[in-house]
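Let's go through some of the labels used for this structure and check where each one comes from. Have a look at the sequence and the model first.

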Amino acid sequence: SSLSSFKAIKAFFVDDIERATPMGLFYLSFIGNLLFVPLPYEIPFFIGLLNGNNFLLSSFFLIAGLIPSLAIDYIIGRKISKLVFIFFSIKKFYKIKRWVNKYGAYAIFGFSLLPLPSNELTFVLGITKYNITRLFVLTLFGTIIKITAIFGFYFIFYNLV
């Protein structure tokens, strides 16, 4: 039956996520960064390292899930940007856009560096048509620093135990 097939597929994904395998990190970062589904990946990433995951492989799969999900959030934001004028005046929208252009880089970097839900921010940046190249460079830079710091904590923890 279709219900048993669904349960088998769910079990397949959930098992990898619970064991924090590199593929589980991919699923978690992809699903967890889609719009309005904030699932943090920092603790599972650390647990995966404790379970013996390779740092570079885990990092690759985590980023491989992060980038397409944020791209989807950005594209959805761009697609509905005209609808924003229903809720905001053009004057207010351009005020928000000026703020984003002035402080957006700091927000992107901060959200990527800290365990904050960057999916909603990426959605808003899509609405304001923020520079997508700058968005993804800053996201990658902040994420790489964060997961390297997590690896540093793992290395210290592993050598103390």
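Q: What makes the pair R19 and D16 a salt bridge?
A: A salt bridge is a side-chain nitrogen of Lys or Arg within 4 Å of a carboxyl oxygen of Asp or Glu. The R19 and D16 side chains meet at 3.3 Å, N to O, so the pair fits the definition. Keep in mind that this is a predicted model, in which local features need pLDDT of at least 70, side-chain atom pairs count only at pLDDT 80 or more, and totals for chains, interfaces and linings use all residues. Side-chain values use heavy atoms, with hydrogens and water left out, and residues are numbered from 1 along each chain as its sequence is written.

Q: Why is D16 called buried or exposed?
A: Buried means under 20% relative accessible area, exposed over 50%, and partly exposed in between (1.4 Å probe, protein chains only). D16 has 11% relative accessibility, so D16 counts as buried.

Q: Which residues are linked with R19 in a network of salt bridges?
A: D15 and D16 are linked with R19 in that network. D15 joins through its own salt bridge to R19, with the closest N and O atoms 3.2 Å apart.

Q: What class of exposure do D15 and R19 get?
A: D15 has a relative accessible area of 37%, so D15 is partly exposed. R19, at 44%, is therefore partly exposed too.

Q: How do you know that E42 and K146 form a salt bridge, and what is the distance?
A: Their closest N and O atoms are 2.7 Å apart, so the pair meets the salt-bridge definition. E42 lies in helix α3 (residues 42-50) and K146 in helix α8, so this pair ties together parts 104 residues apart in sequence. Both E42 and K146 are buried. In total, the structure holds 3 salt bridges.

Q: Why is G142 called buried or exposed?
A: The relative accessible area of G142 is 0%, so G142 is buried. G142 sits in helix α8. Helices here are DSSP runs (H or I, at least four residues), as strands are (E, at least two), numbered from the N terminus. The protein chain has 8 helices and 0 strands.

Q: What is G142 in contact with, leaving aside neighbours within four places in sequence?
A: G142 is in contact with F109, S112 and L113, where contact means heavy atoms within 4.5 Å.

Q: What makes a positive surface patch of R78, K79, K82 and K129?
A: Patches are made of residues with over 30% relative accessible area and no salt bridge; like charges are joined within 9 Å, and nonpolar side chains (Val, Leu, Ile, Met, Phe, Trp, Tyr) within 5 Å. Lys and Arg count as positive, Asp and Glu as negative, while His and the chain ends are not counted. K129 has 39% relative accessibility, so K129 counts as partly exposed. K129 lies in the loop between α7 (118-127) and α8 (132-160).

Q: How does F88 fit into a nonpolar patch on the surface, and which residues form that patch?
A: The patch is formed by L83, I86, F87, F88 and I96, with about 530 Å² of accessible area together. Such areas come from the Shrake-Rupley method with a 1.4 Å probe, and for residues only the protein chains shown count as cover. F88 has a relative accessible area of 34%, so F88 is partly exposed. F88 lies in the loop between α5 (84-87) and α6 (90-113).
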